[in-house]
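User: I am new to this structure and should like to understand the terms used to describe it. Please take me through the reasoning behind each one.

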Amino acid sequence: MTGSQTAANPAGLVDGFGRVHRDLRISLTDKCSLRCTYCMPEAGVPWLAKQSLLTPDEIERLVRVAAGEGVETVRLTGGEPLISPNLIEIVRRVAAIEGPSGPIGVAMTTNGIRLPEFIPGLEEAGLNRLNISIDTLDPDRFRELTRRDRLIDVLAGIEAARRSTLRPLKLNAVVMRGVNDDEIVDLVEFAIEHDAEMRFIEHMPLDIGHTWDRGEMVPREEILAALRKRFRLEPLPDRGGAPAELFEIDGGPAKVGVIASVSAPFCGSCDRLRLTADGQLRNCLFAREELDLRTALRGGASDEAIRDIFRASVSSKRAGHGIDDPGFVQPERGMNAIGG
Ligand code: SAM
Ligand code: SF4
C-alpha cells in the first residue's frame, strides 16, 4: 500500500463528451459458483492466472488514486465476488478511502450463494449496498439456466440480505424469451416481499459462448407491457447516471427498474469505469481496448502515472457502445471476466 495520494482533480475524470466518471466497478475474480448460460459455458473457460489477479494492496492503491480523480462509488463484482478469499479485506480497505464527498460508497453484485455466512463480516467491513441476481423462482428452470441446483442457496442469501442493514437491496434478473419472461410479475412480488427493488436487465451480447440473438431478446417495451398487466407504473425522474430506468409501483413506495442497455442505451449519461480482476482498465462493458494498470503497478509506477492511465482511458471513451453499428464486434472477454 502507498500512503500517498495525488492531489484531488477538481475537474474529475471528464471524457470528450462531457461525461464525468464517478463509479468504478471492480471484478475480484472471473470464477463463479454458477454457469449462467448468458454469461459462460459449462466448461472450457480459460481462467485468469492466479498471479495475475490484483492483490488487496493493489486494489486499495488504485481506488485511492481514482478517488483523487473524483470517483465516489465502487461496485465489487466478478465472476462471483463471494468466492474471492480477499473480499472482506478489500471491502474494509476500500470503504476506508476518502472520496471527493466523504468515504467511498461500496456496493457488491453477487449471485447470493454463501451470502448468509458473509453478511455480518461485510456489514462490519463497511459494505453499503447489495445487488443479488435471481432470474427465476423455479428450481428446475434455475438448474437449467445456471447449470447448478442451487436456487435454495440463492434464496437463503436473499433472506439474509433482507434481515441485514444493507439498503437499498436490489434483485437483478436477465429476461429471456421462453425461459423466464412469464415470471416478470412473480419476481416483482417476490422482491417486494423481501424489501427489495426488482431490476430487469435486457440480455446483452456478452457471453463467452456468443449465443446472443437480438431477435430472442426481450426488449424494455415487452418487459413494461408485462408489468403493466398487473401493476400501475409511474416513471420516476432524475435517473442521473444510473443504468436503470425506475418506476414507482401502484403509488409506491415499491419500485421496479428496467436496464435497457440494448433497446434504449443510456451511454449519454454513463459515469462508469471497469477494472478487471487482472488489472485491466476498461471504459465500457463493450470496449475492445483495455489499459494495463497491473503492469504499471508492478513496474513501480508513481501515483501520477497511474492517474494518467485513468485519464487516458476516460479520454478515449467512445460516445456509445455501438451494438447497433454494422461493424459491432463482441468484446473478447465474457461478462464473467469483465465484471457486470
Ligand atoms: N456473479 C454475480 C452475479 O451474477 O450477480 C456478479 C457478476 S455478474 C457478471 C453481474 C450481472 O451481470 C448479473 O446481474 C448478471 O445477471 C448480469 N449478466 C451477466 N451476463 C449478462 C448478459 N449477457 N446480459 C445481461 N446481463 C448479464
Ligand atoms: Fe456467475 Fe454471475 Fe456469470 Fe451467473 S452471471 S455465471 S452468477 S458471474
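User: What makes the approach of Met204 to ligand 1 a polar contact?

Analyst: The model is a predicted one. In it, a backbone N or O atom of Met204 lies 2.9 Å from a nitrogen atom of ligand 1. A polar contact requires a pair of N or O atoms within 3.5 Å, so this pair qualifies.

User: Which atoms of Gly79 and Ser133 approach ligand 1, and at what distances?

Analyst: For Gly79, a backbone N or O atom is 3.0 Å from a nitrogen atom of the ligand. Ser133 uses a polar side-chain atom, 2.6 Å from an oxygen atom of ligand 1. Ligand 1 is surrounded by 18 residues, and Gly79, Ser133 and Met204 are among the closest.

User: Which residues are around ligand 2, and how do they divide by type?

Analyst: Around ligand 2 are Cys32, Leu34, Cys36, Tyr38, Cys39, Met40, Gly79 and Asn111. Six are nonpolar, two polar and none charged. Gly79 is counted as polar because Gly belongs to that class by definition.

User: Why is α6 called roughly perpendicular to α7?

Analyst: The axes of α6 (residues 184–193) and α7 (residues 220–228) cross at roughly 65 degrees and come within 9 Å. Angles of 65 to 115 degrees count as roughly perpendicular, which is why the term applies to this pair. The crossing is right-handed.

User: Which residues meet where α6 and α7 are in contact, and how do they divide by type?

Analyst: Ile184, Val185 and Val188 of α6 meet Ile223, Ala226 and Leu227 of α7. The contact comprises six nonpolar residues, with no polar and no charged ones.

Terms used:
Residues numbered from 1 in each chain as written. Chains lettered and ligands numbered in written order. Predicted model: local features only at pLDDT ≥ 70, side-chain atom pairs only at ≥ 80, totals over all residues. Heavy atoms only, no water. Axes fitted to C-alpha atoms, helices over the stretch in contact; angles between N-to-C directions. Helix = DSSP H or I, 4+ residues; strand = E, 2+ residues; numbered from the N terminus. Parallel < 35°, antiparallel > 145°, perpendicular 65-115°, else oblique. Left-handed = near helix turned anticlockwise from the far one by under 90°. Contact = heavy atoms within 4.5 Å. Near = heavy atom within 4 Å. Polar contact = N/O pair within 3.5 Å; in protein donor to acceptor, adjacent residues only side chain to side chain.
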